[in-house]
Structure formats: structure tokens, C-alpha cells
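Dear colleague,

I am passing this structure on to you, and below it I have set out what turned up when I went through it. Please read the notes with the model open beside you.

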Amino acid sequence: MARAGAALFGAGGSLSLLTLAVPHYHLQDQAGAVALSVPAVPIAALLFAFARRVQEWMIHALVLVAIAELSLGIHFAGPGAPAATTASFYVWVVVYAFYFLPWRAAVADLVATGVAYAAVLSTQHDHGAPGQWLVIMGTAAVGGLVVGVLVNRLKEQAATDVLTGLANRRSWEATLERELARAWRQHVPVAVAVIDLDEFKQLNDREGHLAGDRLLKELSAAWGDVIREEDVLARPGGDEFGLVFPNCSQEQAGQILDRIRQRTPDVTFSAGLASWDGSEHAGSLLERADIALYRAKGRGGGNTVVAGAPKSAG
């Protein structure tokens, strides 16, 4: 995100300076254009060098800086074609915002761009300004919205298990990290369960993988009906399922697992259940749930084992 911003500032500043080296509009304020273009290069260098330290709020601020800088550039460029040419850079900024930032922030940046552009055009008293504004802002809006829709679709596909439509391993682990962070702020409990089907391999060997796939899809739908709305059911892989129970005690999570068993009584599974201790990281919590699952499998399956406390807790 930060390195893309560096490319945005670097390319914008460099192109602006290059336009001064070739034939250009004779009334353009060259000193003003230079004063606005030159700072873009060091900003790009800083973004690239400290990319890992740049936080999302800084990106929000940089987008607003880019909008302000472009607006001043349009002012110095002068009315007519120079203003419209400079304003084309707005499209870059809006597309960048819709690609990297949340929808609300991107839409806010789009609105800010439209207001800033309108304000600059109003000072130039150009009769063609309304048409310029419509073309530039229409292009920016359409480009940004298309990119935003495509990016969201790709994110959903990357976070979803193709077979069942549940969250995949990456999405499940990210959800757990997010819920633990929220639980730490709000001082609420979190539980996690790891589920493994007891006789899935035998089913595949006996009836084939298509039968196994059908069972996984049926279980995903059936279990999704009995968990709470805020719970997250995932399929990390194979015949393994995972559950994150936000704001849920160990006892409540156990009751939900019981409801899952009752919903599909013909399918037995083993489960490991672990409750967050209030400070451990996600990896430790998942490890405890996995150990509990292995103990449940060792007992012959068909039961739930509650994980012990983290080692650090004694």
C-alpha cells in the first residue's frame, strides 16, 4: 500500500516536471508547477523507504495531501486544457483509494476530490468548467467503483473455501486475530474449537471423493444453521473444521458444539475446545485447541475435549 503510494507520488511529480521540459501551455505558472511537483519526489522516497512503518491513517492523510496538491496544481496550470490535463491525475488518486482503502474512506475521498476540483474551477471562471468537472469526476468515479468491486470480489474469493463457501484457513486465522484484539479492548471472552470428522477417510475409500465432498457441503450448511450469527465457521482444509466464538464463554461454546452434534447425529466428530486466557496470542490458542483435538481422537472420537491452561499460566 505504501509502496504503491510512493509510485503514485513519484510518477505524478515526475510527469509534472517533464511537461515543463516539452512544449506546453504558454500561460501556465511554471514556478507554481515546480513548487508543487518537486515535493512529490521526496514524499515518494520516504514512503518507499519506510513502507513497513506506514499505518493506514497515514495513507488516508496522504490521499488528502495528494488531492490538495493536485488542486493547487490545477490552479497554477490555468483554465482550459491545462486544468483538465492536470485534473486527470485525480483519477489516479481515486482509483488508489478504492483499491487500498475501505469503501467508506474511498467514497469520502471521491467526494473530497469532487469538492476540491469544483472549488478550483470556480476560481478560474471558465465557461467550460462544468463539462470538465463532469468528465474528470465521472471517469474517476467509474474507475474507482469498478476497481473497488473487483478488489472486494477477489478478497472474498481469496478468503473463501471453494467447496463449502466457508471461511478458509487464512480468513479463519485473520478472524481469530481480529476477535482477540477486540476482546482485549472490550474485556470479553473468546473461545475457539477445532473439529475433525471421525470416519471421513473410510467414507472416501468406500464411496469415493465425490461422496466426501457432498458430506462436507451438507455439514457446512447444517452447522451454519445452529451456530450464532456472530460465530465464524471455517474449513481450514480436508475434513477439518474450525469455529471462532466471539464474546462466548467456554460453557456456551460447549453447548453450541452439542447443538452441532444433535443437528447431524449420523456424523461423528472429535473436537478440541480452548478458551482465550485474556493475553495469549492466536497461535497459542489454536495450538491448545489442536492438542485437545488429538486427545479427543485418542479417546476414540465422538467427543469434545477442553484444552488445559496455557503453559505460561502454570
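Among contacts in the chain between residues at least 6 apart in sequence, where contact means heavy atoms within 4.5 Å, 66% join residues at least 24 apart. The model is a predicted one, in which local features need pLDDT of at least 70 and side-chain atom pairs count only at pLDDT 80 or more, while totals for chains, interfaces and linings use all residues. Residues are numbered from 1 along each chain as its sequence is written, and side-chain values use heavy atoms, with hydrogens and water left out.

The chain has 314 residues, and buried ones make up 46% of them; buried means under 20% relative accessible area, exposed over 50% and partly exposed in between, with a 1.4 Å probe and protein chains only. Its secondary structure comes to 13 helices and 5 strands, these being DSSP runs numbered from the N terminus (H or I, at least four residues, for helices; E, at least two, for strands).

Turning to the interior, the largest nonpolar core has 30 residues, and Ile74, Tyr90 and Tyr117 are those with the most contacts inside it. A nonpolar core here is a set of buried Ala, Val, Leu, Ile, Met, Phe, Trp, Tyr and Cys residues joined through side-chain atoms within 4.5 Å. At least two residues of this core come from each of α4 (56-77), α5 (81-87), α6 (89-100), α7 (103-124) and α8 (129-158), and the largest share, 8 residues, is supplied by α6. Leaving aside residues up to four places away in sequence, Ile74 touches Ala83, Thr86, Ala87, Tyr90, Tyr117, Val120 and Gln124. There is also a second, separate core of 27 residues, which includes Ile195, Leu243, Leu257 and Leu273.

As for charged pairs, a search of the whole structure finds 12 salt bridges, each being a side-chain nitrogen of Lys or Arg within 4 Å of a carboxyl oxygen of Asp or Glu. One of them pairs Lys297 with Asp196, with the closest N and O atoms 2.8 Å apart. This pair links distant parts of the chain, since Lys297 is in helix α13 (residues 282-298) and Asp196 in strand β1 (residues 190-197), 101 residues apart. Lys297 is partly exposed, with a relative accessible area of 32%, whereas Asp196 is buried, at 14%.

Helix α10 (residues 200-207) holds another salt bridge, in which Asp205 and Lys201 lie 4 residues apart, about one turn of the helix; their closest N and O atoms are 3.0 Å apart, and both residues are exposed.

The α10 helix also packs against helix α11 (residues 209-224), at an angle of about 135° and with the axes 6 Å apart. Axes are lines fitted to C-alpha atoms, for helices over the stretch in contact, and angles run from 0 to 180 degrees between N-to-C directions. That angle makes α10 oblique to α11, because angles under 35 degrees count as roughly parallel, over 145 as roughly antiparallel, 65 to 115 as roughly perpendicular and the rest as oblique. On the α10 side the contact involves Phe200, Leu203, Asn204 and Glu207, which meet His209, Ala211, Gly212, Leu215 and Leu216 in α11. Of these, Asn204 is buried, with a relative accessible area of 13%, and touches His209 and Gly212, not counting residues up to four places away in sequence.

With best wishes
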